[in-house]
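Here is a protein chain to look around in. Have a look at the fold before reading on, and then we'll tour a few spots together.

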Amino acid sequence: MKIRYIILSVLFIGVIIQYSEEKPISDFYYKYKNSGYEKGLIKSEANTFNPVANYNFIINYDPINDIADVREEIRWINNTEYPTEEIYLHLYPNAYSNNNTFFAQAYRLKKENMTRVNFEYVEAEGERKDLIYFNPEIVNPYDSTVAKFILRKKANPGDTVKIDIKYSLKIPVSVKRFGTARGRNFDFISQWYPKIGVFEDGRWICSSYYPYLNYYSDFGEYRLTIKIPKNYTLIPGGEITDVQEEGAVKTYTVVQSGIHDFVWAVTDNIVYEKTYYKRKDGATVNVNLFIQPERIKYRERYKKAVINCLAYFEEKVGIYPYSNLTMVDVPRTSASGGMEYPTLFTVSAELFSPQKTGWPEYLVAHEFAHQYFQGIIANNEVYEAWLDEGFASYFATKFMYEFYPDILAYFRIAKFVPVFGLNFLSYNEIPIIYTIADIPVNLGAQSAASYYRNLAIGSISDLSYLQPSRLAYVVNSYSKPELMLHTLERYLGSDKMDRIVKEYYNAFRFRHVKANDFINLVKRFAGEDIDWFFNEFYADSKIFDYSITSVNKAGNNLYAVTAERKGDGFFKNDIALYTETDTLYAKWEDDARWKIFYFETEDKVYGAEIDPRRKNLLDIEFANNSYMIEKRYWASLSISARWFFWVQNALIILGSIG
């Protein structure tokens, strides 16, 4: 075995030496104006975008020693109204250079996890440049994930700056998204190249690599030429346009337009299946599935979930514009699972994952949703992560209830074996207090469990990189925004929400988007003053808790219902009075702390309820929303509603633990 690797290494190194003879980088330049930006996109007028940073890579990759030698050419176009005298670069691999970077402080690296970009040179317009390392937002002298260089002459609006970079990169053992899987020949290469920051409104936005957070960059065109041993498979986030084989080496050419990031993976052992999705307009999307051999039993579930996602999002949001979509199932020892990149996303699955757990289907749906929210509608994830994570969570949940409605609550024994029911208390991964039952998971329950653990620290509107803890970041980027969007849909109605989402996609695809873009769109479609909604749910960290405290007879055929607003959060609620023949309704639309509502009826009254349709999913205690005069009232409530009250209170308990 060792002799075989030595022979292969020698052959590969020989090819690298031959290929690496200096040639003018312009010989390899993939000229944008001659390529047509439709490469990798299905032709459509709706695909129009302004390319800002066009990248061309020539890579010699040695997967045995995990080393990439890279020549990178960038054409950066100043398509703003402002001049600039400097260029900013993201250097994400440098986050792995020591244990004091912003990123490493959260993950603690071993020597095998460390790397950094090893530059041979950086040139701009043929002139060698010295990099100036700095931190744009928070000072950290140990973090070198952002650098800039000064241009010889100012780049005015419309100018193009040609940047040439040569460097090598050692691929570390995988820690969070990037690296080689321990014990496997599987290298996932993300955030691996010097990337231009975003120049907008006369200033550069080029944030350091913070833990938990993702990215922000411009749309452009990518071309990659890479040499790897022929017994390895290349998995790219783009369209393979050519494969050449010579001796022990394969050379791949990959092109993709209309994206703002590019990833790839290399492995010598994976199951590949290609399938297709036919869009409503007749265009075909190539669907590439790469699955670990030990998870081949999930092949049909993976495929069904991906195809269902394409159909669902085309119906609910808009067409998928790219000609290819790739799903990569990563090994258990890879830290690259559950991540999204343009045209490619990664997933994983447990050895035991019955379909009624909703896993891995939910993970597929969430990561696929990012193809739209951050992939096509590109927000700044360092500042406003909720615009992609919240929308992805919201749509993944809606997708699950459309295609997999019978999901049951479950817990795992020793983090491995799923058991349907609820686990209240464990010791050393052994359940002590638990219930075994088939409990349907109600819409929003998973996000509610997270939200209950962090009710008031931070708000959705806070800058993501300034959230005080990982829990606050997760709640205010994922959980609370999902619950807010479900609540908005229930308040406005699903038809109106569908129109808002489709218009949002049509207006902002292939563009950068900010929170106010979405909020202003909602205001335009709402048909009423909706400022109060975003003031309560988005701009502040308020707690919602409404209750009915009494139902009393106030006269002949007159009943008084007392409702209270126990939390500081305000919501426009319905009040329902249940009688033996029908249900009467009233509106509570002001922010009073309590209010009495009068109903007139000749029928026997059983009780009253506030928010009977469960519009506000951020109400922390639905169990106090109703008041029953007689036990018989329970006959008018569905079993599922009673289960929801019980499960919600269980989640409150669980959310308070740990």
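## Starting with the words

Helices and strands here are DSSP runs, a helix having at least four residues and a strand at least two, and they are numbered from the N terminus. That helps with a spot like Asp201, which sits in the loop between strand E12 (198-200) and strand E13 (203-205). Keep in mind that this is a predicted model.

## The whole chain

So what is the chain built from? It has 12 helices and 35 strands. Of its 658 residues, 59% are buried. The accessible surface adds up to about 26,900 Å², and carbon and sulfur atoms account for 51% of that.

Now take the contacts between residues at least 6 apart in sequence: 70% of them join residues at least 24 apart.

## Strand E2 and its partners

Strand E2 (residues 67-77) has a strand paired with it on two counts. Strand E1 (residues 53-62) runs antiparallel to E2, with 10 bridges joining them. E2 is also antiparallel to strand E8 (residues 160-170), and here there are 11 bridges. E2 is mostly covered, too: eight of its 11 residues are buried.

Which residues pair up with Ile67? In E1 and E2, Asp62 stands opposite Ile67, while in E8 the bridge partner of Ile67 is Lys170. The hairpin of E1 and E2 has four residues between the strands, and Asp66 there takes a positive phi near 60°.

## Odd backbone angles

Two more residues have a positive phi although they are not glycines. Arg177 has a phi of about 85°, and Asp201 has one of about 55°. Arg177 lies in the loop between E8 and strand E9 (179-180).

Are these two buried or exposed? Arg177 counts as buried because its relative accessible area is 2%, under the 20% cut-off. Asp201 is exposed because its relative accessible area is 59%, and the cut-off for that is over 50%.

There's also a backbone surprise at Pro360: the peptide bond from Trp359 to Pro360 is cis, with omega near 15°. Pro360 is in the loop between strand E23 (344-347) and helix H5 (361-369).

## A buried serine

Ser464 is in the loop between helix H7 (445-451) and helix H8 (470-492). With 5% relative accessibility, Ser464 counts as buried. What does its side chain reach? The side chain of Ser464 gets to the backbone nitrogen of Ala385, at 2.9 Å.

Beyond its neighbours within four places in sequence, Ser464 is in contact with several residues, including Leu213, Glu381, Tyr383, Ala385, Tyr473 and Ser477.

## Out at the surface

Leu351, Phe352, Ile413, Phe416 and Val417 make a nonpolar surface patch of about 400 Å². Val417 belongs to strand E26 (residues 417-427) and, at 37% relative accessibility, is partly exposed.

Ala554 is another partly exposed residue, with a relative accessible area of 43%. You'll find Ala554 in strand E29 (residues 546-555). Setting aside its neighbours within four places in sequence, Ala554 is in contact with Tyr559, Ala560 and Tyr598. The C-alpha atoms of Ala554 and Phe599 are 9.4 Å apart, with their positions 45 residues apart along the chain.

Terms used. Residues are numbered from 1 along each chain as its sequence is written. This is a predicted model: local features need pLDDT of at least 70, side-chain atom pairs count only at pLDDT 80 or more; totals for chains, interfaces and linings use all residues. Side-chain values use heavy atoms; hydrogens and water are left out. Buried means under 20% relative accessible area, exposed over 50%, partly exposed in between (1.4 Å probe, protein chains only). Contact means heavy atoms within 4.5 Å. Accessible areas come from the Shrake-Rupley method with a 1.4 Å probe; for residues, only the protein chains shown count as cover. Two strands pair if DSSP finds at least two bridges between them. Patches are made of residues with over 30% relative accessible area and no salt bridge: like charges are joined within 9 Å, nonpolar side chains (Val, Leu, Ile, Met, Phe, Trp, Tyr) within 5 Å. A salt bridge is a side-chain nitrogen of Lys or Arg within 4 Å of a carboxyl oxygen of Asp or Glu. A polar contact is a pair of N or O atoms within 3.5 Å; within protein, one must be able to donate a hydrogen and the other to accept it, and residues adjacent in sequence count only if both atoms are side-chain atoms.
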